Amino acid sequence: MSSIPQDILEINLTTQEVQRYSRPELFEKWIGGLGVAINLLNEHVPPNADSLGPENAVIFAIGSLNTFFPIISKTVVTFKSPLTGDLGESYAGGRLSLAMRFSGLGAIIIKGTAEKSSYITIVDDQVEIKRAGPLAYMYTTTLGRVLRELIPVGPGRRSSIRIGPASENLVKYGNVVVDSFRHFGRLGCGTVLGAKKIKAIVISGEKDLSLEELMPDRRVYLKTYQTIWDSCVKTDVMKKYHVLGTAQNILPLNELNALPTRNFMKGRFEHAIDISGEKFAEAYLGRRVACNTCPVGCIHVAILRERYGVDSPADIHSIAVPYDHEPIGMLGSTLELGNGIQVLKLIEQSEKFGIDAITVGVILGWLAEAYEKGIINDSDTNAQPIRFGHLDDFISVIKNIANRDPNIKDLYWLAGEGLNALVERYSDGKHFAVCFNNNPPAAYSTGPYNVIGHIIGGRHSHLDNAGYSYDQKTIGKTVEPDEAISKLCKEEEWRNILNSLIVCLFARNLYTPSLVSECLGNLGILKTERELLNLGLEIQKIRLKTKFQFGYQLQRIRDRLPRRIYEMPTGHGILSENSIKKLLDAYEDMLRTRYELKI
Amino acid sequence: MIMANRLRVAYLERCIGCYQCVLACARVNEKSLSVDRSSIKVKTIGGYEGSFAIIVCRGCLEPPCVPVCPIEGAIRARSQGGGILVNRKICDSTKCHQECVTACPIPGAIHIDQELKNAIVCRQCSTCTKFCPTGVLIMEEPKLGF
Ligand code: SF4
Ligand code: SF4
Ligand code: SF4
Ligand code: SF4
């Protein structure tokens, strides 16, 4: 027996065939998670596959440490991204990894296309694909409630993931809602499921794993567990995540002139205090919850009281809305919404329709600027004004994008394709379309390394290599381009290991290479720190190879860099074109030498 | 002394649904990575939008689950502190009608493990209280006479 479940469930929606088989060599070599999911993506998706066609696959995987240690709570998904056209990779917490673990599944592969809207249930060894019928086009929030009643299983074991109308209408940045409040947010995983006509997947298992059979010495494991638990709970390492949550970043970034405001025109927002983690905690926070195995509990959930009538003060209902730094930045300061209630209403709107909050936030920011500059006008918007600071405008626009009509290629249809499609039609708006490979950045205008990090990251995410954090450490310092690039690349390689286990990245400072090696050792998986670092490099090579095979071209991103990144304020001041160029040149060298790519 | 105490879900409002208690009970008492085999469960009522419930034995001083058991020596009340102890060598769920489960008015507080063919129930060991990060669970001297 191994601590990594080696079973793979392969579901072909076209043929309705379900296979369950074991691949121990794959899991042993790549330690699970990202390592396994990226290899399976390569095996199952041909390079020229249409991301919305049956050849694309959606591959979920858990890692070797999931459920065994605190804060090892994530599941990875890989797919070909409809937004960027290359590597799609995303992570979510909630209960999914626990449900997969207790179903004995290391990975789930979903291929083909169902004929009609369907949902999948996986209860231990039983897999069923059923017609979704009236569940189709349901809001993700409503669907969550229906699924709980539809598939009742023992307490605390079920995980349900689902998509909203945006994904069903093939908006390229549809997300997947996991349980409540967690997401496979970025790069359009929901859209791929939408194209496959899979509205939801519910999974539950009740396997027990005997620790005595699994590990050389259970007592050593119990001791390691205790040490990690103590660091999580009794020290300050994780404090910032449970007190204010990630929203605590709003004020420090604003102070640094690094809080994207008014579509990246500004780095400071006059109402920052009103959308800060401090203000949310005081005025709106309703409760705090945790992903499975996480004693930190960073998920902050606000209670939004909403009046639906004007006649009586009793015409009111309240809903739970999760908040984090990223949605607050992108749906708040970027759009100049300076009041917590407005921001929560817009988060709720993206949540219902199942649309990625970061991506849609930046697209709304572009639309507002284009509208203000007259690049788009009322005839483009069907007389819907789109103005900074106007909540109702944005609420309508999200709805119009999510409910877009595939037969009318209007502004909203284009907005559902992403910024690249918008500026192809409205080229005067090109210079302020802030995205990298069609994927907008997260809300950290910290400096050059955040920009570079998004450009070079495998999934064009701030979490690939944490450029935003490196920016904050290098304010006032000069770093050679080679050194900076090497630093970011090595960070990304190490994260490939964390993403194969799969550690929540908030615990990255806790899970050092030596602790990871120790944890794996406790489970009888012997890997030295050096071996782990090498494996991280190998995984990076495969990620890059996959990107290039799917058609990624660094030069194309370089050619399309929006001028706004050289105009916007950042924590390092205004960025020079030359410094970005030098960093990218250094990265191209890195691609040739360290990653052995011919570019 | 710990053994004179019983487990109480004292501050449910603090629960963040992290599963630390669930996994700790299984890890330490059952030598297993498991949700099902744990004597304590966390359940969401109405999903994460709703509230949490902790399902665990209440540690009765006069436990109704004990006298109904037809097998001599399978289950007994603890001598001090409330709650019960199941003798796993004697308890055999195939040789009874799982009377203990039906007698307990708290659904899920005591349950049958299909593989072990035993009743699984809290033994008041306090492990879970030590892993709860927010102090939901405490051990205390039974004050109420149930
Ligand atoms: S199992 Fe139920 S009846 Fe028995 S001691 Fe516990 S709470 Fe009381
Ligand atoms: S399951 Fe065990 S304790 Fe319960 S009634 Fe049967 S023998 Fe007695
Ligand atoms: S007190 Fe001990 S036996 Fe009872 S639920 Fe907690 S860990 Fe399990
Ligand atoms: S350990 Fe505490 S906070 Fe976590 S689920 Fe159990 S009772 Fe709730």
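Start by selecting L65(A), in the loop that runs between β3 (58-61) and β4 (75-80) of chain A. You are looking at a predicted model, so treat each stop as a computed picture. Is L65(A) buried or exposed? With a relative accessibility of 0%, L65(A) counts as buried.

Now show the surroundings of L65(A). Leaving aside residues up to four places away in sequence, L65(A) touches I72(A), R101(A), L501(A), C519(A), L520(A) and L523(A). Add I4(A) to the selection as well: I4(A) and L65(A) are 61 residues apart in sequence, yet their C-alpha atoms are 7.6 Å apart in space.

**Next stop: R23(A) and its partners**

Side chains of opposite charge can pair when their charged atoms come close. To see this in chain A, select R23(A) together with E25(A) and E43(A). R23(A) forms a salt bridge with E25(A), and the closest N and O atoms of that pair are 3.0 Å apart. E25(A) is partly exposed, with a relative accessible area of 46%. R23(A), in contrast, counts as buried because its relative accessibility is 18%, under the 20% cut-off.

Turn to the other partner. R23(A) also meets E43(A) in a salt bridge, at 2.8 Å from N to O. Which parts of the chain does this pair link? R23(A) sits in the loop between β2 (17-22) and α1 (24-30) of chain A, while E43(A) belongs to helix α2 (residues 33-44) of chain A; the two residues are 20 apart, and the pair links distant parts of the chain. E43(A) is partly exposed, at 45% relative accessibility.

**Then: K207(A) and D125(A)**

Select K207(A) and D125(A), whose side chains meet in a salt bridge with an N to O distance of 3.7 Å. K207(A) lies in the loop between β12 (198-204) and β13 (209-210) of chain A, and D125(A) lies in the loop between β7 (118-123) and β8 (126-131) of chain A, so this pair ties together parts that are 82 residues apart in sequence. Colour the two by accessibility if your viewer allows it: K207(A) is partly exposed, with a relative accessible area of 30%, whereas D125(A) counts as exposed at 53%.

**A network to pick out**

Select E89(A), R459(A), D464(A), E492(A) and R543(A) in one go, and you will have a network of linked salt bridges on screen. If you would like to keep hunting, how many salt bridges are there over all chains? A search of the whole structure finds 46.

**Last stop: chain B**

Hide chain A and show chain B as a cartoon. You can pick out 3 helices and 9 strands, and following the sequence takes you through the pattern β-α-β-β-β-β-β-α-β-β-α-β. The radius of gyration of chain B is 15 Å, close to the 15 Å that the globule rule gives for 146 residues, so chain B is as compact as a globular protein of that length. Along its principal axes, the C-alpha trace spans about 40 × 35 × 25 Å.

Look at how chain B is packed: 55% of its 146 residues are buried. Among contacts in chain B between residues at least 6 apart in sequence, 60% join residues at least 24 apart.

To finish, switch on the surface of chain B. Its accessible surface comes to about 6,700 Å², and carbon and sulfur atoms account for 55% of that. Now colour the charges: chain B has 18 positive and 12 negative ones, and their mean positions are 5 Å apart.

How values were computed
Residues are numbered from 1 along each chain as its sequence is written. Chains are lettered from A and ligands numbered from 1 in the order in which they are written. This is a predicted model: local features need pLDDT of at least 70, side-chain atom pairs count only at pLDDT 80 or more; totals for chains, interfaces and linings use all residues. Side-chain values use heavy atoms; hydrogens and water are left out. A salt bridge is a side-chain nitrogen of Lys or Arg within 4 Å of a carboxyl oxygen of Asp or Glu. Buried means under 20% relative accessible area, exposed over 50%, partly exposed in between (1.4 Å probe, protein chains only). Helices (H or I, at least four residues) and strands (E, at least two) are DSSP runs, numbered from the N terminus. The radius of gyration is taken over C-alpha atoms; the globule rule is 2.2 Å times the number of residues to the power 0.38. Contact means heavy atoms within 4.5 Å. Accessible areas come from the Shrake-Rupley method with a 1.4 Å probe; for residues, only the protein chains shown count as cover. Lys and Arg count as positive and Asp and Glu as negative; His and the chain ends are not counted. The place of a charge is taken as NZ of Lys, CZ of Arg, CG of Asp or CD of Glu.
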